[in-house]
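Q: Hi, I'm new to reading protein models and would like to go through this one with you. Could we start with how the helices pack and then move on to other spots?

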Amino acid sequence: MDQCGNGFGRMREFAPFEVVVPCSTANLGPGFDSIGMALNRYLRLRFSPAKELSLSVSGPYGAGIELDQDNLIVSVMKQACAEMGLSLIPFQLEIENEIPLARGLGSSAAAIVGACMAVNHLYQFGWDREEILKRATKYEGHPDNVGASIFGGVVIGSWDGRKAHLLSSEAPNLPIVVAIPKRPLSTKLARHVLPSFYDKETTVLSSSRANLLVAALLQKRWDLLQVAMQDLFHQPYRETLVPGLREILKNAVKNGAYGAALSGAGPTILAFARDGERLTRYFKSVFSEMNIPADITDLKASQTGAFVQLTAEQKRSRVLGKI
Ligand code: HSE
């Protein structure tokens, strides 16, 4: 019997390939578990045939990624194969990671999306992006991070626990300034502090702002972001866990932002810039006054989502006519 059963063992000879996945911000303003955006930091997964599973890691945020069977990418690939009645073939996987872990920039969503895309490519399942969205949302539990990583741009989605509905649209071409604290925050803890119930006034106001945010994004009305990004679903409860959040939400607009929000479950804070230099100076001053280490940096939206390509080595061989 081959490694996979069902005749899939021959795929040990598959041609090396690379999956490239952008990171994402979720919960854009009041779009809790619903509005996300892809950003230009990437997870790159390079697969090549091997007799045994072997993992290696590189990139600025490689540290902390497990390199055994507990690796999230490998376990999602195994699960996806099992759901198709197959077992996972061995491979060599080089993980190059630019996405900070547990900082609210969708690192686990990118890993899940990368795993689904890789399995789809390896086994030629023929899943389209909608199918990958369905599978990835089931693993992740909400569609905004995985949707942004799959489709790119801004995504607006809904998930009822069984089915994800999601549309993607062009993301604002605005400079984005983020503060990425050095210290991670557990998403589990950040979800734990949220209330189980919201009153009518809160829900109506916050959902009306989410509706306004969608309209503002579609019509490029950046002047409306200040109001449309205000949230009552999660930010007020997470302020105690996220240094600088209260101050930045209150004063970012006076300091060069169109609007600001907690990115995902935090602790990264993100703002669309009207005046990028001023906003960066302001973010830096907030964190240096608190004496809290954080990377203050510029990001841009990624208008494209995850894709599969030949590895650089394969491309060279193709140009030289070897394959
Ligand atoms: N929507 C999620 C949350 C994002 O806020 O908990 C982090 O996974």
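Q: So are H1 and H2 parallel, perpendicular or oblique to each other?
A: Keeping in mind that this is a predicted model, the axes of helix H1 (residues 72-83) and helix H2 (residues 107-123) cross at roughly 45°, and H1 and H2 are therefore oblique to each other, as an angle that is neither under 35 degrees nor within 65 to 115 nor over 145 counts as oblique.

Q: And within what distance do the axes of H1 and H2 come?
A: The two axes come within 8 Å, and the crossing of H1 and H2 is right-handed.

Q: Which residues make that contact?
A: On the H1 side they are Leu 72, Ile 73, Val 76, Met 77, Ala 80 and Cys 81, while H2 brings Ser 108, Ala 111, Ile 112, Ala 115, Cys 116, Ala 118, Val 119, Leu 122 and Tyr 123.

Q: How many of those are nonpolar, polar or charged?
A: Sorted by class, the contact of H1 with H2 has 14 nonpolar residues and one polar residue, with no charged residues.

Q: OK, what about H2 and H3, at what angle do they cross?
A: The axes of H2 and helix H3 (residues 129-140) cross at roughly 140° and come within 10 Å. That angle makes H2 oblique to H3, since roughly antiparallel would need an angle over 145 degrees. The crossing of H2 and H3 is right-handed.

Q: Which residues meet there?
A: From H2 there are Ser 108, Ala 109, Ile 112, Val 113, Cys 116, Met 117 and Asn 120, and these meet Ile 132, Arg 135, Ala 136, Tyr 139 and Glu 140 in H3. By class, this contact has eight nonpolar, two polar and two charged residues.

Q: And how does H2 cross H4, at what angle?
A: H2 and helix H4 (residues 143-151) have axes that cross at roughly 55° and come within 9 Å, and H2 and H4 are therefore oblique to each other. H2 passes H4 in a right-handed crossing. The contact is made by Ala 109, Ala 110 and Val 113 of H2 together with Asn 145, Val 146, Ser 149 and Ile 150 of H4, and by class it has five nonpolar, two polar and no charged residues.

Q: Changing topic, which residues surround the ligand?
A: The ligand is surrounded by Asn 27, Phe 32, Asp 33, His 142, Asn 145, Thr 187, Arg 191, Arg 238 and Ala 265. Asn 145 has come up already, as one of the H4 residues in the contact with H2.

Q: How far is an oxygen atom of the ligand from an N or O atom in the side chain of Arg 191?
A: That distance is 2.5 Å. An oxygen atom of the ligand is also 2.7 Å from an N or O atom in the side chain of Asn 27, and for the side chain of Arg 238 the corresponding distance is 2.8 Å.

Q: You listed Asp 33 too, so is its phi positive or negative?
A: Phi of Asp 33 is near 60°, which is a positive value in a residue other than glycine, and Asp 33 is placed in the loop between strand S1 (17-25) and strand S2 (35-49). Asn 291 also has a positive phi, near 60°, and this residue is in the loop between helix H10 (276-290) and strand S10 (294-299).

Q: Last one, is the peptide bond from Gly 266 to Pro 267 cis or trans?
A: The bond is cis, with omega near 10°, and Pro 267 is found in the loop between strand S8 (257-262) and strand S9 (269-273).

Conventions: Residues numbered from 1 in each chain as written. Predicted model: local features only at pLDDT ≥ 70, side-chain atom pairs only at ≥ 80, totals over all residues. Heavy atoms only, no water. Axes fitted to C-alpha atoms, helices over the stretch in contact; angles between N-to-C directions. Helix = DSSP H or I, 4+ residues; strand = E, 2+ residues; numbered from the N terminus. Left-handed = near helix turned anticlockwise from the far one by under 90°. Contact = heavy atoms within 4.5 Å. Nonpolar A, V, L, I, M, F, W, Y, C, P; charged D, E, K, R; others polar. Near = heavy atom within 4 Å. Polar contact = N/O pair within 3.5 Å; in protein donor to acceptor, adjacent residues only side chain to side chain.
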